[in-house]
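User: I'm new to this kind of thing. Could you walk me through how to read it, one feature at a time?

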There are 4 protein chains.
Amino acid sequence: MQNLPLAGYKPERTEIAVRDTNIGGRDIILMAGPCAVESGPQMHQAAAAVKQAGGTVLRGGVYKPRTSPYAFQGLGREGLTHLTAAAKEHDLLTVTEVIDPASLEEVLNHVDIIQIGARNMQNFQLLKLAGQSGKPVILKRGLSATIEEWLSAAEYILAEENPNVILCERGIRTFETSTRNTFDLSAIAVIRKMSHLPVIVDPSHAAGHREYVPALSKAAVAAGADWLLVEMHPHPKEAKSDGVQSLTPTELQQLAADLVTVAASVGRTMVGTGSGLDSLRSKIDSIDSGIIELLAERMHVVKLVAREKSPDRIRDHNREQEIIQRLGRIAAELQCPADLVREIYALIFDHAIKTQLQDKAHRLDSMAYGR
Amino acid sequence: MQNLPLAGYKPERTEIAVRDTNIGGRDIILMAGPCAVESGPQMHQAAAAVKQAGGTVLRGGVYKPRTSPYAFQGLGREGLTHLTAAAKEHDLLTVTEVIDPASLEEVLNHVDIIQIGARNMQNFQLLKLAGQSGKPVILKRGLSATIEEWLSAAEYILAEENPNVILCERGIRTFETSTRNTFDLSAIAVIRKMSHLPVIVDPSHAAGHREYVPALSKAAVAAGADWLLVEMHPHPKEAKSDGVQSLTPTELQQLAADLVTVAASVGRTMVGTGSGLDSLRSKIDSIDSGIIELLAERMHVVKLVAREKSPDRIRDHNREQEIIQRLGRIAAELQCPADLVREIYALIFDHAIKTQLQDKAHRLDSMAYGR
Amino acid sequence: MQNLPLAGYKPERTEIAVRDTNIGGRDIILMAGPCAVESGPQMHQAAAAVKQAGGTVLRGGVYKPRTSPYAFQGLGREGLTHLTAAAKEHDLLTVTEVIDPASLEEVLNHVDIIQIGARNMQNFQLLKLAGQSGKPVILKRGLSATIEEWLSAAEYILAEENPNVILCERGIRTFETSTRNTFDLSAIAVIRKMSHLPVIVDPSHAAGHREYVPALSKAAVAAGADWLLVEMHPHPKEAKSDGVQSLTPTELQQLAADLVTVAASVGRTMVGTGSGLDSLRSKIDSIDSGIIELLAERMHVVKLVAREKSPDRIRDHNREQEIIQRLGRIAAELQCPADLVREIYALIFDHAIKTQLQDKAHRLDSMAYGR
Amino acid sequence: MQNLPLAGYKPERTEIAVRDTNIGGRDIILMAGPCAVESGPQMHQAAAAVKQAGGTVLRGGVYKPRTSPYAFQGLGREGLTHLTAAAKEHDLLTVTEVIDPASLEEVLNHVDIIQIGARNMQNFQLLKLAGQSGKPVILKRGLSATIEEWLSAAEYILAEENPNVILCERGIRTFETSTRNTFDLSAIAVIRKMSHLPVIVDPSHAAGHREYVPALSKAAVAAGADWLLVEMHPHPKEAKSDGVQSLTPTELQQLAADLVTVAASVGRTMVGTGSGLDSLRSKIDSIDSGIIELLAERMHVVKLVAREKSPDRIRDHNREQEIIQRLGRIAAELQCPADLVREIYALIFDHAIKTQLQDKAHRLDSMAYGR
C-alpha cells in the first residue's frame, strides 16, 4: 500500500465528534431516512420514525446524482429546508449528499454531516473543498474502488486539515445480480487494520432489496462497523427513488431492537433507545431474550466445567470471587449497578452448585446400577 | 431465477443430520482443521485443538486441486488414515474434499461429509456421483458463480435423490486485492430467501489472511450462516498450503468463545463448548460479559420507559407477569431452569423500581429548585 | 508468474499439426458449426455451410455441460455419429467437447480435436486424461480464470507429454451485461508474450449476440489470434441452445470473406477459400476492394514522398529496384508469380512518375500566379 | 436500455468536425502524446514524433486526477502553454483532460478537444459544463461503468445542446492483473449498435504495458473504432507518469504504418501519412506487402473458381467487365486513378487465364497417365 501518512494505520482509532455524539468509539449509531427528500410531510414522518426507532441522525438527499439527466434530480434548497426542519423537530442530527461545489456551499451551514457519494469518490476537487469545510464527511467507497484508492481519496480530505473523515462501505460492482451491489463486508476488517478512521456501512445500497438489509446490518455490526446508514421511507412504494431497498418505519424499529443484542455481543452499545412505550418494550423483550440465551449457554458450560474438576471440589470460592470482581469492573464501566450484578450472580452460583450436586448424584447412581 | 424444483424455496428450511449432529436448525457448529493433511502428528494436534475449542467436525484435505501440477497434491489414502484416526481419537466428525470419481470412491466409507470445491462446482459428473452416494455434501460456490448457478449445481445432487446438500460461501473473484476473494456475505441472506438448503461459510478462503477471519466469522453468524468451516493449523508457518490464512489453535479457541454471544444475539446456539478448564472458563467469561452488557442496556431502556409512563404507575405487575411468562417459555425451550430466571428477574424488577423512585425524586427535586 | 517450464515463453512459437492442417503458423483457420448436434440433417447442412464458407473444422457438441440438470444434455454417441458423418462427407476436420473421462474415451478415436470447456478448465483429472490421450486439445479459459491460471491448467496437459495444447479465449465474467461475457482481447497479446502455445478465440460465447461476432472475429485476427471457433447454425431460431449467438450460413460466408483482407493486413493468410462460385466470387470481390484501398493509399503517400525529395530527382531507380526485389521475395514465399508482380509495379511506378510531373507542374504554376 | 433520446441509435452515424478533421466517417485519425505535459522540450519532441508518425492530434495532460494527493498533479496553465505551442509548431490539433469547472474554463479557448476522464464520467456538473461549452468532448468510460451508464453520461452533455460527444473505451476493472485494465473490445460493436456517436479507444490505459498497445490498436481498428488515442513519450523511462505504457516515437511510427493495411482491410483510411522520407517509405513498404498478400490470395481463389466452372469457359468477359466497373467506382471514390486500375487488372486477368490453361493441361495430363 502506498504512503498514506494521514489515513494510514495508527494504534489509536480516531473518534469524531458530531455535536454531542461520537463516532469511532464504543457506541453504534443509527442514521436513517429516505433516499430523496420529497416533501415536508414525508420528512416529518421519516424523522418521527427515525426517532422512535432510536436513530440519531436523519438522512435525506436533496441533490441527487442520477445516471440519467431525465431522472428526478432532488429538491435542492427546498428539500434542505424540509430535512433540517424535520430533524430539528425531533432533535436529530442531519446528513445529506453534496455533488459539486455549489451544493457543498449550499448545505454547509445547515447540516451536521456531509456525504460524498460513490460516483464522486475520486472527484478530487470536491474532496478538497470538503476538506476545507472542516465538517464531518462521510466518504462512500466508489463502485469499483479498491480499498487502497478509497483511503487515498480520504487522504485528499485529511490533507486539507480536516480530520473528520468517516469511511462508508456501500457495496462494489461484481458479476452477481441477485443483489444491487456486492457488499464487501471484509472491507470493515481491512479498514480497521489499515487505517485509524471510523468505518460505517450502507447496507441498503449494497443489498438493493429491503429484505436483505437486516442480515447485512447485523453482520456489519458483528464485524466491527461503527455506524449504520439505512434507507427508510414512510411509504416505500411511493418513493421517488430506491423504494425497493427502503425499510418501512416498522421494519426499522424491529432492526434497531435486534441490533441491541448483536452490538452487545461484540462489546458495543447500540445508542439511541427510541421513544414510545411500544418501541421501548420491544427493545426490552429483545434484551431479555438475549439474557436468557446466554444464561442457558452458561448453565451448559458450567456443567462441563464440573465434570473436568475433581469430584470433591464442587464450590470454588476463588473463581467466584474473580468473576464477581471482573463483572463489577465491566458493570461500573457500563453504569450498571454493581450490587444488582452481585445479587444476580449469587443466585447463579447457588443454582450451579445445586445442579452439580444433582448431576453428580445422578452419575454415581448410574454407575452403581452399571448403566 | 430458473425452475429449481428441488433446491428452490420452501417454507420449512431443511435440516440435515450428520450422525447425531444437525445442520439447518438452531445450532451453529464449528468445523475446523488444516487445509491439507500433512502427517499423523499434525492431525493429532489439529484434532485436539478443534476439540478443545468446541469444534464438532475435523477438516483436512487429502486430495488437493492445485493450480499448478507441480504444487503439493495431497497425501491421498495415507492422509485419509491420518484424518480419520485423529478424528476418532477426539470423537470428531470428518469432512474432506473430493476432486474426481476415484477420490470420491476412496473417501466415501471413511468420512462423514464430502466436500466439492469451488473449482468443481460445475463438474456435473462429480455432482451426480456425489448425489448417488447419499452422503452429506458441502457444495462450495464457484469463484465466479452466480447464486443462481450455484443452486442449479445443487439441483444436480438433489436430482439424484440425495437431499443432504449444504451450500458453502467462500468468496467470489473481484478486482479487490486486499483480500484473497471478496466474501459475499449477502449470499447467506439470498440463499435463505431463494432456497431451503442450509448455508455455511468458509471465511478463511474468502479472507486469505488469518487476521480477518474472526470478523468475517462473527458477521456470517449474525447474518444467519448455519455452520462455519475454518482453517486452523497447529503451526501455520509450517503449513504446506494456505498457512497465512490459518488460525492458530489459540486463535480458534478465542474465536469460538467470541461466537457464543454473537450466536445468542441472533437466537442461535453455538454448539460444542470445548474441553479443558481454561477453554471452558474463557467461554464463561465471554458469556458473563454479554450478560452484563445486556443488563446495562436494559437498565437504560427501563429508565426511559419510566419517563413515558404516568408518574403514579411506578410498578406494572401485569407487564412483569407477561415478561416472566414469556421468558419462562424461552427458558424451557433452552433447558434453562425457570426458577432461576424467575428469581433473577425478581431482583431486576425490584432494582428497576428502586431506581425509578430515586430518579423521580431526583427530578422532582430538580424541578423544585427550578433546575 | 509462477514457474511454467512447459507452457511458458519460448522464442519459437509452437505449431501443432492436425492431420494436414497446421495451427500456430501463418495460416488462420475457421472452425464453425452449431453449439449442439441436434440431428443428422442439421449437421449435414451445417457441414455444407462450413465448407462453402471455407471453414476447415466442423464443431458440434454432443456432451453438453449445462447449468441446469433439466436442460438438453446433448445427444451423446448418436450425436457423435452425426458429427463425424457430416464432416467426412464434406472433408472437414472435427472438434467436440469432452466433459468427463467417459465422454473423453467415447470421442477419442472419432474426432480430430478435443475441447475442454470453460467450466472444466481446472478439472485436473480431465486435463491429465486429455494429456495422456496425445490428441490436440483446445483448452478454453475459465469464466474467471486469470491468464496465469489458464497457462497452469495447460501445464497439466503438457506435463503428460502431450504438446498439442491450443488455448481458447472465450470471454470472462464481469459486471457488463450488454454482452454475455467480456471478450478479453488483450489475452491474445498476453499469451503470445507469456507462452509459445497457439491461441484462438471463440467470439460467439464472448458476445452472446450474433451481430457482434463479426467485429470480434476481425479484431481477434488483427490482434494475432491463430484460429477462430465460431458458432453457426443452419437455422439459428430453431437451435436447442445458443441460437441467439449463432451466425446463419450466409453470415458465416460473409465473415469468412471479410476476414481475408484483415488476415492479409497483419501478414496472415485466411486458409480455406470455400466452394461454390458465389462464395468464391464474393471472396474475390473482397480482395479486390482491399487491393484498390491500398493502391489509393499508396498513391497518396507517394505524392508526399515526392514533395520531400529534391525537385530534380523524380525517378529513383535504386529505390524502385529495392522495392521490386523485396516484393519478389514476399511473392515467392506466398507462391504468387513474380513476373506478374514486376509487371504490375512497372505500371505503378510509371503512373507515379506521371502524377509527380503533373503535380510539380501544377505547383510551379500555382507559385507563378502567386497562389 | 433506458430512454436515451439524444445518445441512442440513429440510422445515420454522427460525424463531428474538429477544425478541418472529421470523426465518425471513413477516416481513422491518430491522437498521441504523453500522459502528462512535463516541459517545453518534451512537448516539442512529442509533437515532432506525432507529426512524423502521421498523427493529427497532440495529447498531453496538464491537470492530472491522481489517486494520491502527493502524486504529480500536472503543470496546469504552464503545461497548457507547452502543449499548444508544440502543437502549433507542428500543425497539430490538441486534446487535454479537464477535471473540474476551473480547469475546464482554463483550457476552453486553447485546445480543440476536451477530455473527461474515467473517474469523472459521472461527475454530472462537469458533464453539463462540458455540454454548455459546445466543444468536442471525449468522454471516457468509467472504470466500472456499464455501456448503458456511459451513454447516459453522454446524454448529460448532449442535453446541453452540444452534439460533439466522442465516446472512448479505455478498459474496465476486472480480476485479471496481467493488463492494467481489461480492454472491452466488444464495447465498440455495442456502441455502434446502441448509439450514433463516434467511438474511439485508448489502448494504452487498457493495456498498461506498451508491448500490448499495437495488438490492441489493430484490433480496435478492425472492430470499427473511429480514432485512436495512444500514449507516446519521447523518453518513456523518464516519464513522470504512465511511462511503462507509453510507446517510443519509433514504436508509434511503426504502429501507424501497420495500421494502414488494417484500416484498409475494413474499408477505412488511416489519415495522416506522416512526414520524413523514412517514415513515408516504411508506410509504402507496409502497403506493398499488403498488396502482394492480397494478390497471392486472389490467385489462389481464382484457381478454385476455374475448377468450378465448365472446362470450356476459361475466359468470362462479362465477369471481368463487372469487376472492372465495380473497382472503377471504388477507385473514383478513393481518388485512385481508374486507368491504372484498369491496366493492372488487365494484367491480372491475363495472368489468370494463362495459369488456368496450364493448370487444365496439367490435370488432363495427370488423368491421361492415370495419376
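User: Let's start where chains meet. How many residues does the contact take from chain D and from chain A?

Analyst: Keep in mind that this is a predicted model. As a general idea, the size of an interface is often given as the accessible area lost when the parts come together. Here we can go by residues instead: chain D gives 21 residues to the contact, and chain A gives 21 residues. On the chain D side, α4 (124-133) and α5 (147-158) each supply at least two of them. The largest share, 4 residues, comes from α5(D).

User: And what is the side of chain D that touches chain A made of: how many nonpolar, polar and charged residues?

Analyst: That side of chain D divides into 7 nonpolar, 9 polar and 5 charged residues.

User: What rotation superposes chain D on chain A?

Analyst: To read symmetry, you look at the turn and at the shift along its axis. In this case a rotation of 180° with 0.0 Å of shift along the axis puts chain D on chain A, with an RMSD of 0.0 Å. That is the relation of a two-fold axis. If you want to find the axis on chain D, look for S144(D): its C-alpha is the one nearest the axis, 3.0 Å from it. The same surface serves both copies, as 100% of the contact residues of chain D recur in chain A.

User: Now the other pairing. How many residues does the contact take from chain B and from chain A?

Analyst: Chain B puts in 77 residues and chain A puts in 78 residues. Quite a list of helices supplies at least two residues each on the chain B side, including α6 (186-194), α9 (249-265) and α12 (338-368). The largest share there, 23 residues, comes from α10(B). By type, the side of chain B that touches chain A splits into 46 nonpolar, 19 polar and 12 charged residues.

User: Can we zoom in on one helix pair across those chains? At what angle do α10 of chain A and α9(B) cross?

Analyst: For a helix pair, check the distance between axes, then the angle, then the handedness. The axes of α10 (residues 277-308) of chain A and α9(B) come within 9 Å and cross at roughly 140°. The two helices are therefore oblique to each other. As for handedness, α10(A) passes α9(B) in a right-handed crossing. The contact joins G290(A), E293(A), L294(A) and E297(A) of α10(A) to V260(B), T261(B), A264(B) and S265(B) of α9(B). Those residues divide into 3 nonpolar, 3 polar and 2 charged.

User: What about a pair within one chain: how are α8(C) and α9(C) turned, roughly parallel or oblique?

Analyst: In chain C, helix α8 (residues 213-223) and helix α9 (residues 249-265) have axes 9 Å apart and pack at about 25°. An angle under 35 degrees counts as roughly parallel, so α8(C) and α9(C) are roughly parallel to each other. Their crossing is right-handed. P214(C), S217(C), K218(C), V221(C) and A222(C) of α8(C) meet L255(C), D258(C), L259(C), V262(C) and A263(C) of α9(C). This set holds 7 nonpolar, 1 polar and 2 charged residues.

User: Last one: into which domains is chain A divided?

Analyst: Chain A has domain 1 (16-273) and domain 2 (280-368). Taken over C-alpha atoms, the centres of these two domains of chain A are 41 Å apart. Their contact takes 6 residues from domain 1 and 6 residues from domain 2. The domain 1 side of that contact comprises 3 nonpolar, 2 polar and 1 charged.

Terms used. Residues numbered from 1 in each chain as written. Chains lettered and ligands numbered in written order. Predicted model: local features only at pLDDT ≥ 70, side-chain atom pairs only at ≥ 80, totals over all residues. Axes fitted to C-alpha atoms, helices over the stretch in contact; angles between N-to-C directions. Parallel < 35°, antiparallel > 145°, perpendicular 65-115°, else oblique. Left-handed = near helix turned anticlockwise from the far one by under 90°. Contact = placed C-beta atoms within 7 Å. Nonpolar A, V, L, I, M, F, W, Y, C, P; charged D, E, K, R; others polar. Domains from an automatic or database assignment. Least-squares fit on C-alpha atoms with pLDDT ≥ 70 in both.
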